[in-house]
Amino acid sequence: MTHQSAALVVLIDDDRDLLKATAQTLELAGFAVSAFSMASKALAGIDSDFAGVVVSDIRMPEIDGLQLFDRILRLDPDIPVILITGHGDVPMAVKAIKDGVYDFITKPFAADGLTQSVRRAAEKRRLTMENRALREAGELAQDSLPLIGQTPAMERLRRTLRQIADTDVDVLVTGETGSGKEVVAGLLHRWSRRAKGNFVALNCGTLPETVIESELFGHEAGAFTGAQKKRIGRVEHSSGGTLFLDEIESMPASTQVRMLRVLEMREVMPLGTNDVRPVDLRVVAAAKVDLGDPRQRGNFREDLYYRLNVVTVSLPPLRERRDDIALLFGYFAERAAARFRRPVPAGPASLHRYLHEHDWPGNVRELAHFAERFVLGLAQEMQKLPSDAARPLPERLERYEGDIIRETLGRNGGDVRRTVEALGIPRKTFYDKLQRHGIVRGDFSK
């Protein structure tokens, strides 16, 4: 499991002795505490990017706890605020709860009661911040790989997505690396009634088997070595929204069994507990291979494939919609010019030929990167080439070698280890050939 930094707690109390004692209690529980005796000083360090929890006494001079909460509410209504109250303040605290205060603790309080409340609030804030980051990432992904195109295949694709977006059916998206599978998932979420829920993405090919189940299903504290805190899994976090599982074909066999149950029962059981939690789930899964073909499916469970395959959306590779390439290139070049604050260079004759003759194994992602290099004057692969018939044999072999490397990189998602093994050449030789052929490995990365 990756190490997570301690959750931040901003603590405010004008009673300096109580402030010190409460800070020590929270620090012993594993929190990072910033203690203040005045609310005005605490507010100076809180904004919408604040990733922690605020704990404050109610009765304080200048700015009291309720006034503090009101100001935080205007900064970011999702920041959890816990108020510490005396017995006489309970009616006031109950009203504050209705107004959005996360919790209130009555003096004198048990240390365990406070730490448990702060821990729940910190988990809520973590999920809120993670959801915002995912939304931003989804928007960036959509912006960088738009479903632009006027070919019949793309028009059909957009029409299909509109038709199924609000139906709540699970969807299997197939397509090569860089063809825009996450964009499709994002659009299905955005165009559905679930748009206000969380869009939660997980790449099954990037996580080891020891981590993926905890990420998907969550765990209780002590469920396994290193599980010091409870964690809400991606499945539960996506309830009411959309769960996007990329490279589903890479999911370990044991995880497939658990995922099948989640899909069939619409419930999840975190690691380390027998508690079953219902989830309002919509799954969009993506695969780089044809899971309907037993030869390509490999160890992927046939019953899980059929459970996911309620609706299948296939993304055509760029080489099969060549009439869209010029349109896409123009879009990416204009965007790159704005980003780098440069004009779009005039296109030489070799540009048109390269756009239409290159096979684009990295698909739309490769084209976007090529457009950026073109704007920067670095698109060396675009140099005018003679026809194959006019080439000497060594040059024709050289071009063929470059095409094989590009195709192998595309098939392996830019992964160097898998590509080198497939090509059967040393790593150093591989990098030398990349440089000689002007191939940018990042064009093929997931």
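**Exercise 1. A pair within one helix**

Is Lys 428 buried or exposed? Work that out, then describe the salt bridge that Lys 428 makes with Asp 432.

*Solution.* Keep in mind that you're looking at a predicted model.

- Step 1: start with accessibility. The cut-off for exposed is over 50% relative accessible area. Lys 428 has 61% relative accessibility, so it counts as exposed.
- Step 2: do likewise for the partner. Asp 432 has a relative accessible area of 36%, which makes it partly exposed.
- Step 3: check the distance. A salt bridge needs a side-chain nitrogen of Lys or Arg within 4 Å of a carboxyl oxygen of Asp or Glu. Here the N to O distance is 3.2 Å, and the two side chains do meet in a salt bridge.
- Step 4: place the pair. Both residues belong to helix α18 (residues 427-437), and because they are 4 residues apart there, about one helical turn separates them.

**Exercise 2. More salt bridges**

Find where Lys 288 and Glu 247 sit along the chain, and classify Arg 261 and Glu 267 by accessibility.

*Solution.*

- Step 1: the idea behind the search is that side chains of opposite charge can pair when their charged atoms come close.
- Step 2: Lys 288 and Glu 247 form a salt bridge, with 3.9 Å between the closest N and O atoms. This pair links distant parts of the chain, 41 residues apart: Lys 288 is in the loop between β11 (283-287) and α11 (294-297), while Glu 247 is in the loop between β8 (242-246) and α10 (253-265).
- Step 3: Glu 247 has a relative accessible area of 8%, so it is buried.
- Step 4: Arg 261 and Glu 267 also meet in a salt bridge, at 2.9 Å from N to O. Arg 261 is partly exposed at 44% relative accessible area, whereas Glu 267, at 18%, is buried.
- Step 5: zoom out. The salt-bridge count comes to 27. A network of salt bridges links Asp 168, Arg 193, Arg 194 and Asp 280.

**Exercise 3. Reading a sheet**

In what order do the strands of the open 5-stranded sheet run, and which strands lie at the edges?

*Solution.*

- Step 1: trace across the sheet, and you get β7-β8-β11-β6-β12, with parallel pairing.
- Step 2: look for strands that pair on one side only. These are the edge strands, β7 (199-203) and β12 (311-314).
- Step 3: check the twist. On average, neighbouring strands of this sheet are turned by 20° against each other, direction ignored.
- Step 4: pick a pair inside the order. Strand β6 (residues 171-174) pairs with β11 in the parallel sense over 4 bridges. Leu 172 stands opposite Ala 285 in β11.

**Exercise 4. Two packed helices**

Describe how α13 and α15 pack, and name some of the residues in the contact.

*Solution.*

- Step 1: you need two values, because packed helices are described by the angle between their axes and the distance between the axes.
- Step 2: helix α13 (residues 325-340) and helix α15 (residues 363-375) pack at about 50°, with their axes 8 Å apart.
- Step 3: α13 and α15 are therefore oblique to each other. Their crossing is right-handed.
- Step 4: list the contact. From α13 come residues including Leu 328, Phe 329, Phe 332 and Phe 340; α15 contributes, among others, Leu 367, Phe 370 and Phe 374.

Conventions
Residues are numbered from 1 along each chain as its sequence is written. This is a predicted model: local features need pLDDT of at least 70, side-chain atom pairs count only at pLDDT 80 or more; totals for chains, interfaces and linings use all residues. Side-chain values use heavy atoms; hydrogens and water are left out. Buried means under 20% relative accessible area, exposed over 50%, partly exposed in between (1.4 Å probe, protein chains only). Two strands pair if DSSP finds at least two bridges between them. Axes are lines fitted to C-alpha atoms, for helices over the stretch in contact, and angles run from 0 to 180 degrees between N-to-C directions. Angles under 35 degrees count as roughly parallel, over 145 as roughly antiparallel, 65 to 115 as roughly perpendicular and the rest as oblique. A crossing is left-handed if the near helix is turned anticlockwise from the far one by less than a right angle, and right-handed if clockwise. Contact means heavy atoms within 4.5 Å.
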